[in-house]
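Here's a quick tour to read with the structure open beside you. Take it one topic at a time and find each piece as you go.

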Amino acid sequence: MAKTQVTMTVNGKAVEGLVEPRTLLIHFLREQLNLTGSHIGCDTSHCGACTVDLDGKSVKSCTLFAVQAEGGDLLTIEGMAAADGTLHALQEGFREMHGLQCGFCTPGMIMRGYRLLQENPNPSEDEIRFGISGNLCRCTGYQNIVKAIQYAAAKLSGASVKEAAE
Amino acid sequence: MNAITPTKEERTEKLQGMGCKRKRVEDIRFVQGRGNYVDDLKLPAMLYGDFVRSPYGHARIKKIDASKAMALPGVLAVLTAADLKPLGLHYMPTLAGDVQAVLAEEKVLFQNQEVAFIIAEDRYVAADAAELVEVEYEELPVIVDPFKAMAAGAPVLREDIKDKTDGAHGKRKHYNHVFNWQIGDKDGTDRAFKKAEVTIKELISYQRVHPCPLETCQCVASFDKIRGELTVWGTFQAPHVIRTVASLISKIPEHKIHVIAPDIGGGFGNKVGAYPGYICAIVASIVTGRPVKWVEDRIENLSTTSFARDYHMTTEIAATKDGKVTGLRVHVLADHGAFDACADPTKWPAGFFNIVTGAYDFPVAHVAVDGVYTNKAPGGVAYRCSFRVTEAAYCIERAMDILAQKLGMDPAELRIKNLVRREQFPYQSALGWEYDSGDYHAAMKKAMDAVGYGKLREEQKAKQAAFKRGETRDLMGVGVIFFTEIVGAGPSRNCDILGIAMFDSAEIRIHPTGAVIARMGTKSQGQGHETTYAQIIATELGLPADDISIEEGNTDTAPYGLGTYGSRSTPTAGAATAMAARKIKAKAQMIAADLLEVSEYDLEWEIDRFRVKGNPERFKTMKELAWAAYNRVPKGLEPGLEAVNYYDPPNMTFPFGAYICVVDVDVDTGVTKVRRFYALDDCGTRINPMIIEGQVHGGLTEAFGIAMGQEIRYDEYGNVTGPTLMDYFLPTAVETPKWETDWTVTPSPHHPIGAKGVGESPNVGGVPCFANAVNDAFKFLGSTHIAMPHDHWRTWTVAEKLGVHG
Amino acid sequence: MLADLGDDARPLAGGHSLIPMMKLRLAAPAHLVDLGAIGELKGVRGEGGDIVIGAMTTQHELIADATLAAKLPILRETALLIADPQVRYVGTIGGNVAQGDPGNDMPAVMLCLGASYQIAGKGGERRVAARDFYEGAYLTALAPGEMVTAIRIPVPPQGHGAAYEKLKRKIGDYATAAAAVILTQSQGRIATCSIALTNVAETPLWAEDAAKSVIGTALDAATVKKAAAAAEAITSPASDNRGPAEYRRKMAGVMVARALARAKSRAA
């Protein structure tokens, strides 16, 4: 299959690459841009481990061709911390609240959490659970992921954050 | 003491040692997407492997034509059994004493079995090539019902061992038989049943499921022709065992094999054994001289790697009419699929199923297990099972409920009457285990008080009356369970993997500035070992956990261990860690005595220092002693401060728990809503309560999935139905209940820090709790046992058969 | 472009039905024509007594649209039950109605609402009623080279009640069975009613007889039971991991009963 050029902005930087039309965005990110933070966990677009933020939308990068992101503005897990290394409130929240164990679903969860909080800065627990229903986790049982997102929501809005409960 | 001297509390807190909710070290890289998982690895000139797999469940291979695949640009080679046979690698040994085909030679035995291995320049080309390999099959009759596997005239599955009457675990009574294993007092049990006032008997089946970690199985194999050395990175829960097995089957000397397990995205027992993909990648690398990566996809993972359960347990309990149990008899028909690849310790072909007397004081019991071959994927021991403990717990907990119902007793009341009493510990079970410690009645009481058990039963009675009056279409169920777990495999006298005893290890080295590096023979896949082992060392040695670096998974540097599964890390390597730390502490004490010019016996340890008894202003901190170890040690001692310990546990450990669940079942749709789930776990000494809680949440969520909808099912043609995440029920955050966790602490008397392990308890206890709750909802309508999974349509069908749909 | 490329080409809308099929190698079009940049295919607008929705409008955009929330709340309710947030950001209403996938949710809603599809192709434009569009599993009235460009929905009367009741194994799954109901009532009696079913046959089903049977009634228990039975009678569900055909048939009835109750509670 003849290759074609793609250009897009990823984590604030302009990037370009040569891809087959059938190259999935997730493979472009992982193999060509060496951004291996986004993961592949299934074949049927169910697990959400590949979730990134594209043009203001949470998308499953395993279900898009790289060429569909042409000219797009992408945010991946690698772009979440500040330039000086300060973790984003979500990254901090996941650590504070023990919202991860094996870490494999975590980048997708954080990227989805990011857009969720943009859509709804103060979500209820049910809204969080519904909001992450496209992201599967096998380790945590979601309860502490919910707390992690609540922590981030509080921090981002300037409220006080809670301790991990007994 | 003055205002700037830290207090005892401050000094303890600074250590972040045992008992505190230390934040995880691992998280720092994971939340930034800087984990180092196998598929993240990129080596120069790396190739990709992919499999051609059988569409049939049972068929002869007549012909394999790879010419079209070979003609595709970017394809280097297509391996078949013919290529592996001269190397003796077309079969590989399994952990259960059987062999498994790496690439099918004359026949295929389960759908999606590996038939050929493509080696290509990129993964897309490899997938294209896999489609172009043409295989001619001759279909054969299929066996998917284990109850039919040993029928006279049943199709022969394993032609390779057809005439072998001596199996790995004794005599085989049929060509599709794997083993018969028995334990207990058969005659005594038969007598107990003959004179019993009440008996129950039920076929309790635990459906086939799959652990489904989010990351599938994968590896990168790289053979260096010049050095003659093989390096394999892989999703290995037991990296040292993989290295030893790789050496034995490849004949490459073990010191020239480097196995590295990097970050693993969930294991749950799926990543213990070796898979054809690993062998093929290794061979491919040797053949091409380039690194070869193999990454399975989700369908391959669910349909070909280690399944779990598939146990059909005919269970009988004998009891007095006031509910004292007098005997237990269980016969298990175990469906092992096409090859027995169970990851059990060698002497235990049915794992530790003989924990099936559970938490109850059975005076006598007998278990018999018959394993059979069928046309299904191999495996059997996985998914937080602790070696078949999940099956045993489901069996006894369902059976006790069935007995309670027959006796007209409340299920909690029956349990309390029969729980092993505190004064009976250490307790010798009728099936051969010595339970280390427990206060079961206290735990049960705490659980029942926490949920207001009596009030729940009153509410249930009222709701049942309302249902009968037609005022509600919901049925309320209360599930109660009490489980005894058996983990920490295990003592060398009865636990080995392929002949290697199941000890584990820790090596600790203190640097001159008091920083520490420690390596263990276990391998975390999310359990947080980098955080928790450091906590043990911090408490033992008085050095801050943040100054302690923990490594696992590199077989060149980590001391030999048997890996992480079966909740064994804390009981074995955790013990080794404490023991190695104590060796260091003993040497440090001698150095301190020398520096302080006192006798060792004049010193006492306090948090982070040795101080002179009666003269506490004279002390040496461990940090100071570390420096001293490198510049001034007493005569007769070597410089340095390090130790290794290989810990052969004296016994297994026995965590336990009481779980209570409340459900509401909508009889018109079969939908079960979980109203409340309370889990009390006793895992002995609690190293990091935050991590324990996380493990319980995760295990309960897996249990919820299993009980309420997971199954790997085969139709009558041998097709595996629904091995994708579209169909395999993995609950999202929406369905997953909220978990309430609680605990009691009964330390293990034989473990150096009294800790027992907890990772699998929630799956062991969770599944029967959900099952008992759903069963409980239907009891008043006359139902005695409903099989799992309790998905909508099955639950509705129960209601339909009970006549509630009018 | 589609017409020029012929059979080997497929239009690419959100791609969240097509691309998963391609990844499993169940579909292998040689060419994909990306509709993403075509502005005219997006948007929600009023036109006379109708609402017209561009085929490339995503589920997310439908959920956020104020006009739809006010005038056609059943669309928002249904969209929220499709897949998950990520898929809804990309998946389009055109993709959901035009594939002929019996599992998609919007087709039954379109049947229920009496919607019609604007279709464009080499031969020009035409309009087909949703109720005439579905011929079989993955078989629609679209000729090769044609595609749905917009969905036209007559605005239901003020004070109508509507509901989409979906039974599923977990959130985001295809329906075990689902029912779309829209009705109006007058003095406690049902004046108009339309019912349609999802995923209990090879196509979405318009339960015409079931709906007729409730007109003029107060939706008492016996009426609802008869309507459910009438709906069940037209189903021919597949047996799959969601359950055997007989269960799914009965669930169609239960969903109809529950959707009727909810729709009535919402009607003025």
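What follows is a walk through the chains, their contacts, and a few strands and helices. Keep in mind that this is a predicted model. Let's begin with chain A, then see what touches it, and finish inside chains C and B.

**Chain A as a whole**

- Chain A is built from five helices and five strands. If you trace it along the sequence, the pattern reads β-β-α-β-β-β-α-α-α-α.
- Its radius of gyration comes out at 16 Å, and the globule rule gives 15 Å for 166 residues, so chain A is as compact as a globular protein of that length.
- Along the principal axes, the C-alpha atoms of chain A fill a box of roughly 55 × 35 × 25 Å.
- Of the 166 residues in chain A, 62% count as buried.
- Now take the contacts in chain A between residues at least 6 apart in sequence: 58% of these join residues at least 24 apart.

**A helix to look at in chain A**

- Find helix α1 of chain A, residues 25-32; this helix is mostly covered, with six of its eight residues buried.
- Which residues of α1(A) are buried? They are A:Leu25, A:Ile26, A:His27, A:Phe28, A:Leu29 and A:Arg30.
- Part of the cover over those buried residues comes from β2 (13-19) of chain A.
- After α1(A) you'll meet A:Asn34, which has a positive phi, near 55 degrees.

**Who touches chain A?**

- Chain B meets chain A through 42 residues of chain B and 41 residues of chain A. On the chain B side, the elements giving two or more residues are α2 (27-30), α9 (298-304) and α17 (689-708).
- Which of the elements gives the most to that side of chain B? It's α17(B), with six residues.
- Sorted by class, the side of chain B that touches chain A has 15 nonpolar, 15 polar and 12 charged residues.
- Chain C touches chain A too, with 16 residues of chain C in contact with 15 residues of chain A. Here the elements of chain C that give two or more residues are α2 (18-23) and α6 (85-90).
- The largest share of this side of chain C comes from α6(C), which supplies five residues. By class, the side is made of eight nonpolar, five polar and three charged residues.

**Two domains in chain C**

- The domain assignment splits chain C into domain 1 (39-154) and domain 2 (161-266). Their C-alpha centres sit 21 Å apart.
- The two domains of chain C meet through 22 residues of domain 1 and 22 residues of domain 2. On the domain 1 side, α5 (73-79), α8 (106-113) and β7 (134-136) of chain C each give two or more residues.
- The largest share of that domain 1 side, six residues, belongs to α8(C). The classes on this side are 13 nonpolar, four polar and five charged.

**A covered strand in chain C**

- Look at strand β10 of chain C (residues 161-167): seven of its seven residues are buried.
- Both faces of β10(C) are covered. One side has C:Gly161, C:Ala163, C:Glu165 and C:Leu167, while the other has C:Ala162, C:Tyr164 and C:Lys166.
- Its partner is strand β11 of chain C (residues 177-186), and the two pair in the antiparallel sense over seven bridges. One pair to find is C:Leu167 with its bridge partner C:Ala177 in β11(C).

**The nonpolar core**

- In soluble globular proteins, nonpolar side chains tend to be buried together.
- The largest nonpolar core here has 400 residues, and those with the most contacts inside it are B:Ile118, B:Ile537, C:Val181 and C:Val256.
- Leaving aside neighbours within four places in sequence, C:Val181 has contacts that include C:Cys112, C:Ala162, C:Ala163 and C:Ile195.

**A sheet in chain B**

- Three strands of chain B make an open sheet in the order β6-β2-β8, with antiparallel pairing.
- Why is one side of β6 (107-108) and of β8 (134-139) of chain B left without a neighbour in the sheet? Both stand at the edges, each with a single partner strand, so one side of each has no neighbour there.
- Strand β2 of chain B (residues 59-65) is joined to β8(B) by six bridges. Among the matched residues, B:Lys63 has B:Glu136 in β8(B) as its bridge partner.

Technical notes
Residues are numbered from 1 along each chain as its sequence is written. Chains are lettered from A and ligands numbered from 1 in the order in which they are written. This is a predicted model: local features need pLDDT of at least 70, side-chain atom pairs count only at pLDDT 80 or more; totals for chains, interfaces and linings use all residues. A residue is buried if 20 or more other C-beta atoms lie within 10 Å of its own, exposed if 12 or fewer, and partly exposed in between; C-beta atoms are placed from the backbone. Helices (H or I, at least four residues) and strands (E, at least two) are DSSP runs, numbered from the N terminus. Two strands pair if DSSP finds at least two bridges between them. Two residues are in contact if their C-beta atoms, placed from the backbone, lie within 7 Å. Ala, Val, Leu, Ile, Met, Phe, Trp, Tyr, Cys and Pro count as nonpolar, Asp, Glu, Lys and Arg as charged, and the others, Gly among them, as polar. Domain bounds come from an automatic or database domain assignment. The radius of gyration is taken over C-alpha atoms; the globule rule is 2.2 Å times the number of residues to the power 0.38. A nonpolar core is a set of buried Ala, Val, Leu, Ile, Met, Phe, Trp, Tyr and Cys residues joined through C-beta atoms within 7 Å.
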